[in-house]
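Visitor: I would like a close look at a single part of this model, the sheet. Please take me through how it is put together and what sits on it.

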Amino acid sequence: MSRVKIAPSILSADFTRLGDQIREAEVAGAEWIHVDVMDGRFVPNITIGPLVAAAARRAAQGVIDVHLMIEQPERYLEAFAEAGADFLTVHVEAASHLHRTVQRIRELGMKAGVTLNPATPAESLSEILPYVDLVLVMSVNPGFGGQSYIPTSTAKVARLRRMLDEGGLGHVELEVDGGVTAETVGEVVRAGATAVVAGSAVYNGRSSVAENVGRLRAAIEAAEGAR
Ligand code: DX5
Ligand code: ZN
């Protein structure tokens, strides 16, 4: 299995020096940069839009991984394609014509991701899995950084790992988002994740970005050895 990607969420970064914060994460070995887009309707919070995603694109060398927590995501696919998103992920709860939306994301030259809230069953993705490049499992209720990992998420990741493997879809990325820390990342990786989002575990006042990414990497490698 290829190495698990670390995707720091800029939601917890210092926005007065966003470019530096992105570069610090990449120098420390983070492969993806995770961009959390919230509209104040699908989730209570309002965060950033295509302009800041485009700024992240200019700062980053690697992959820009955009997570749309917005109603009617189909209205903004072009805007995020122009912003330079590599992965564009939409919520199954927010997209009423999910198959069409996923096709459109790919037509626009991006990789298509689908994600689901903690209470939405893994099985709700069964029909769409053959059409996606990424599945994102929310391990907190979306809306805010710094929440605690919901323990039952691990079984859900394992279930999706099985669904992908049994469907001959081993190439699809399986990403986990919310409450991922050096303490929780081991079980996430052992359950079969291929990428992990980390916001407050990477960007916090306690240690440097380099130390925080290093700690996550060490925990991931220990878990990779065990699977
Ligand atoms: C939650 C966002 C997450 C969040 C993760 O709504 O989708 O990406 O920023 O933050 P942590 O890692 O602090 O839970
Ligand atoms: Zn996210």
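Guide: The sheet is open and made of 8 strands, in the order E1-E8-E7-E6-E5-E4-E3-E2, with parallel pairing. Strand E1 (5–8) and E2 stand at its edges with a single partner strand each, so one side of each has no neighbour in the sheet. From one strand to the next, the twist averages 25 degrees. The model is a predicted one, and this applies to everything that follows. As background, strands of a sheet pair through backbone hydrogen bonds, either parallel or antiparallel.

Take the E1 edge to begin with. E1 runs parallel to E8, and 4 bridges join the two. Two of the residue pairings can be named: Ile6 has Val196 as its bridge partner in E8, and Pro8 has Ala198. Although E1 is an edge strand with a single partner strand, both of its faces are covered: Lys5 and Ala7 on one side, and Ile6 and Pro8 on the other, are all buried.

Ala7, in strand E1, gives a view of what surrounds this edge. Its relative accessibility is 0%, so Ala7 counts as buried. Neighbours within four places in sequence set aside, Ala7 is in contact with Trp32, His34, Asp65, Glu175, Val196, Val197 and Ala198. Ala7 can also be set against Ala193: the two are 186 residues apart in sequence, and their C-alpha atoms are 12 Å apart in space.

Next in the order comes E8. Both faces of E8 are covered as well, with Ala195 and Val197 buried on one side and Val196 and Ala198 buried on the other. Strand E7 (residues 173–177) runs parallel to strand E8 (residues 195–198), and 2 bridges join them. Across this pair, Val176 stands opposite Val196, and Glu175 stands opposite Ala195. Val196 therefore appears twice in this account, as the residue opposite Val176 and as the bridge partner of Ile6 in E1.

Further along are E5 and E4. These two pair in the parallel sense over 5 bridges, and Leu88 stands opposite Ala112 in E5. Of the 6 residues of E5, 5 are buried, so the strand is largely enclosed by the rest of the structure. Helix H4 (residues 98–107) packs on the sheet here, touching E4 and strand E5 (111–116). The direction of H4 makes about 145 degrees with that of E5.

E4 also takes part in an aromatic pair. The count of such pairs comes to 1, and its members are Trp32 and Phe87. Their ring centres are 4.9 Å apart and their planes make 35 degrees, which puts the pair in the tilted class. Trp32 belongs to strand E2 (residues 32–38) and Phe87 to strand E4 (residues 87–91), so the pair ties together parts that are 55 residues apart in sequence. Both rings belong to buried residues: Trp32 has 4% relative accessibility and Phe87 has 5%. Trp32 is also one of the contacts of Ala7.

E2 and E3 bring in the metal site. The zinc ion (ligand 2) has as its protein donors His34 (NE2), Asp36 (OD), His67 (ND1) and Asp177 (OD), at 2.0 to 2.3 Å. The site has 6 donor atoms with angles of 69 to 169 degrees among them, and it is octahedral. Along the chain, the donors follow the spacing H-x1-D-x30-H-x109-D. Asp36 in strand E2 and His67 in strand E3 (residues 63–69) are 31 residues apart, so this pair links distant parts of the chain. Asp36 is buried, with a relative accessible area of 6%, and His67 is buried too, at 0%. His34, another of the donors, is among the contacts of Ala7.

One residue off the strands is worth adding. Gln72 is found in the loop between E3 and helix H3 (77–83). Its phi is near 45 degrees, a positive value in a residue other than glycine. With 41% relative accessibility, Gln72 counts as partly exposed, whereas His67 in E3 is buried.

Technical notes
Residues numbered from 1 in each chain as written. Chains lettered and ligands numbered in written order. Predicted model: local features only at pLDDT ≥ 70, side-chain atom pairs only at ≥ 80, totals over all residues. Heavy atoms only, no water. Phe/Tyr/Trp six-rings, centres within 6.5 Å; stacked < 30°, edge-to-face > 60°. Buried < 20%, exposed > 50% of the residue type's maximum accessible area, 1.4 Å probe, protein only. Donors = N, O, S within 2.8 Å, 3.2 Å for Na, K, Ca; no water. Tetrahedral: all angles 85-135°; square planar, octahedral: opposite > 155°, others 65-115°. Pairing = 2+ DSSP bridges. Axes fitted to C-alpha atoms, helices over the stretch in contact; angles between N-to-C directions. Contact = heavy atoms within 4.5 Å.
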